[in-house]
Amino acid sequence: MTQEGTLTSLGSLEGTDQAEVCCSGGRDAFQWDVREDCEVRQILDRVADKWSLLVISLLEEKTMRFGELGREIDGISKRMLTVTLRNLERDGIVHRQMYPEIPPRVEYRLTPLGGTLLGTIQSLVAWTEVHQPQIMEARARFDAEQPEPATAKH
């Protein structure tokens, strides 16, 4: 017996209010709408971007300060880290704790909701590690098949 409003199986909409499905329009559960205003797409855009994945992974087992996160994430600017943390906080994935000290101390940690992403991220990283050689071979083949760029004449 399924609870009202839950999916009976992936891709099934039985017992689910159509409004809860958001923009999927009744399609397969692994589809999301291509419209920019679709909430599912917006959430996927947020949690699947490279900076968010790195922040979530770093906060897996500990609370970190802004500077610590910045030092651990190679190539991220302070502004991008600020934007990423603010967006993850807005979505309820990261909790920001500010302490009234001089200078101010701010710490970040995953919320319980954010913790539910860890298994998915670990699976994605594991898939990447397993298939890295195949991807590198495919890239090399693709690059070798591309025409040489024309040299500029002076």
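L69 sits in helix α3, which spans residues 66-72, and in this predicted model the residue is buried, with a relative accessible area of 0%. Searching the whole structure turns up four salt bridges, and the points below take up the surroundings of L69 before turning to several of these charged pairs.

**Surroundings of L69**

- Leaving aside residues up to four places away in sequence, L69 is in contact with L58, L59, M64, L81, L85 and Y108.
- One of these contacts, Y108, is 39 residues from L69 in sequence, while the C-alpha atoms of L69 and Y108 are 9.1 Å apart in space.
- L69 counts as buried because its relative accessible area is 0%, the cut-off for that class being under 20%.

**A salt bridge within helix α1**

- R41 pairs with D45 in a salt bridge whose closest N and O atoms are 3.8 Å apart, a separation to be read against the limit of within 4 Å that is applied to such pairs.
- Because R41 and D45 are four residues apart in helix α1 (residues 39-47), about one helical turn separates them.
- Both partners are partly exposed, R41 having a relative accessible area of 24% and D45 having one of 46%.

**A salt bridge between helix α1 and a loop**

- D91 and R46 form a salt bridge in which the closest N and O atoms are 2.8 Å apart.
- Since D91 belongs to the loop between α4 (78-90) and β2 (94-99), whereas R46 belongs to helix α1, this pair ties together parts of the structure that are 45 residues apart in sequence.
- The two partners fall into separate accessibility classes, for D91 is partly exposed at 29% relative accessibility, whereas R46 is buried, with a relative accessible area of 18%.

**A network around R105**

- R105 forms a salt bridge with E101, and the closest N and O atoms of this pair are 3.1 Å apart.
- Through salt bridges that share partners, E101, R105 and E107 are joined into one network.
- R105, at 22% relative accessibility, counts as partly exposed, and E101, at 36%, is likewise partly exposed.

**Background to the charged pairs**

- As a general matter, side chains of opposite charge can pair when their charged atoms come close.

Technical notes: Residues are numbered from 1 along each chain as its sequence is written. This is a predicted model: local features need pLDDT of at least 70, side-chain atom pairs count only at pLDDT 80 or more; totals for chains, interfaces and linings use all residues. Side-chain values use heavy atoms; hydrogens and water are left out. Helices (H or I, at least four residues) and strands (E, at least two) are DSSP runs, numbered from the N terminus. Buried means under 20% relative accessible area, exposed over 50%, partly exposed in between (1.4 Å probe, protein chains only). Contact means heavy atoms within 4.5 Å. A salt bridge is a side-chain nitrogen of Lys or Arg within 4 Å of a carboxyl oxygen of Asp or Glu.
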